[in-house]
Amino acid sequence: MENFLIQLRELLSATGEIPLPMGALHISSLIALAVALIIFVPIFCRAKDKTAKTICIFFWLALITIELGKQFAAATSIEEGKLIFDYSLGALPLQICSSPFYILPVFFLSKKNFSQDVAAIFLCTFSLVGGLAVMAFPDSVFGGTIYTNFQSMIHHSIQILVGVCLGLRYGRRFSKDSFIGAAAAFLNLAAAALAANLISHEYFVQNGISSELNMFFISPYVRFVPPVLEGLGILEMPYLAYLFSFLVLFIALAFILSLIFKLISKILTINS
């Protein structure tokens, strides 16, 4: 069994050239995403509620499955032919793009109620913003590990696919209250990410155990934002101003998406 796990770990951690934006992996991923949208959006929007939930369960299981491979590689290392536990805190699933792990079950386990609306609006706005940013500017996720590069492209493609499907199907049901609920969920996740950044710095970084975390890109110790935000000048702001601006900008983009989906779904008169 250990030999199998060692071979699996070596496979998952195999390295290669770092992919380039608009390179072969990026372009092929965008094409695959476009094809998936063409196939799944009409099916999802016309499906019965039970079928729509089943499709969401399938996507959630796919996300969890490929994430387990990433987490296994992050949690282990090989020393002297032995597999040992050596978790890399940087792989903690506390980024905005990790949110479907936690929010999708709220959607498919809820009945047609406020909780389901909040989950749907979160996934087609806040989560979708993160997925679109990565697929448009994949620099922040591309690295030397082959599996992680493919996993990231698949993950964010599913994230976009789920967001678009839910937005078009349920957009007419969105309300001010459901958006406020989604924004509250976003801020709670951001608070958890900030807590992880602070705790990691206090107990791991200062003891030389780990490098700095930058979950949600809101660490006070790491000044980095996705390339899509670099031109806005917020990196030069004092930290509290940066934090406030980042969160407000994210909420504003999510609100705009919610209005777009509400308008489109009304025009298309999609059942919800």
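Ala, Val, Leu, Ile, Met, Phe, Trp, Tyr, Cys and Pro count as nonpolar, while Asp, Glu, Lys and Arg count as charged, and the others, Gly among them, count as polar. Keep that sorting handy for the views of the cavity and the pocket. Everything shown here comes from a predicted model.

**View 1. The largest cavity gets its lining from ten named residues, Pro93 and Phe216 among them.** How many cavities of 30 Å³ or more does a search of the whole structure find? The search turns up 1. The largest cavity holds about 50 Å³ of space. Around it you'll find Pro93, Leu94, Gln95, Ser98, Ser99, Tyr102, Leu189, Ala192, Ala193 and Phe216. Which helix gives the largest share of this lining? That's H8, with 3 residues. Sort the lining by type and you get 7 nonpolar residues, 3 polar ones and no charged ones. Gln95, Ser98 and Ser99 go into the polar group, because none of them is on the nonpolar or the charged list.

**View 2. Phe216 and Phe217 both sit in the loop between H8 and H9.** Phe216 is worth a second look, as it is also part of the lining of the largest cavity. The loop that holds Phe216 runs between H8 and helix H9 (239-268). Phe216 isn't a glycine, yet it has a positive phi of about 65°. Phe217 isn't a glycine either, and its phi is also positive, at about 60°. Buried or exposed: what is Phe216? Its relative accessibility is 3%, so Phe216 counts as buried. Phe217 counts as buried too, with a relative accessibility of 16%, and the cut-off for that label is under 20%.

**View 3. A salt bridge links Arg169 to Asp49.** In this pair, the closest N and O atoms are 2.7 Å apart. Arg169 belongs to helix H7 (residues 146-170) and Asp49 to helix H3 (residues 49-75), so the contact ties together parts that lie 120 residues apart in sequence. The two partners don't get the same label for accessibility: Arg169 is buried, at 2% relative accessible area, whereas Asp49 is partly exposed, at 35%. The total for the model is 2 salt bridges, and the next view takes you to another one.

**View 4. Arg173 pairs up with Asp117 in a salt bridge.** Here the closest N and O atoms come within 2.4 Å of each other. Where do the two residues lie? Arg173 is in the loop between H7 and helix H8 (176-205), and Asp117 is in helix H5 (residues 114-123), so parts 56 residues apart in sequence are tied together. Both ends of this bridge are buried: Arg173 has a relative accessibility of 17%, and Asp117 has a relative accessible area of 12%.

**View 5. Helix H7 is mostly covered.** Of its 25 residues, 20 are buried. How far does H7 reach from its first C-alpha to its last? The answer is 36 Å, close to the 36 Å you'd expect at 1.5 Å a residue. H7 also turns up in the next view, as one of the helices that supply the lining of a pocket.

**View 6. The second largest pocket has helices H2, H3 and H7 in its lining.** Its volume is about 210 Å³. Of its 15 lining residues, the ones closest to the centre are Ala32, Ala36, Ile154, Ser157 and Ile158. Helix H2 (24-46), H3 and H7 each chip in at least two lining residues. What types of residue make up this lining? There are 13 nonpolar residues, 2 polar ones and no charged ones. Ser157 is one of the polar ones, since Ser appears on neither the nonpolar nor the charged list.

**View 7. Strands S1 and S2 make an antiparallel hairpin.** S1 covers residues 76-79 and S2 covers residues 82-85, and 4 bridges join them. Two of the partnerships are easy to trace: Thr76 has Phe85 as its bridge partner, and Ile78 has Leu83. Between the strands there are 2 residues, and Glu80 in this hairpin takes a positive phi near 55°.

Conventions: Residues are numbered from 1 along each chain as its sequence is written. This is a predicted model: local features need pLDDT of at least 70, side-chain atom pairs count only at pLDDT 80 or more; totals for chains, interfaces and linings use all residues. Side-chain values use heavy atoms; hydrogens and water are left out. A salt bridge is a side-chain nitrogen of Lys or Arg within 4 Å of a carboxyl oxygen of Asp or Glu. Helices (H or I, at least four residues) and strands (E, at least two) are DSSP runs, numbered from the N terminus. Buried means under 20% relative accessible area, exposed over 50%, partly exposed in between (1.4 Å probe, protein chains only). Two strands pair if DSSP finds at least two bridges between them. The expected span of a helix is 1.5 Å times one less than its number of residues. On a 1 Å grid over the protein atoms alone, a cavity is a set of points where a 1.4 Å probe fits but cannot get out, and a pocket is an open set with protein on both sides within 12 Å along at least five of seven lines; lining residues have an atom within 4 Å of a point. Grid points are joined across faces, edges and corners, and a volume is the space filled by probe spheres set on the points.
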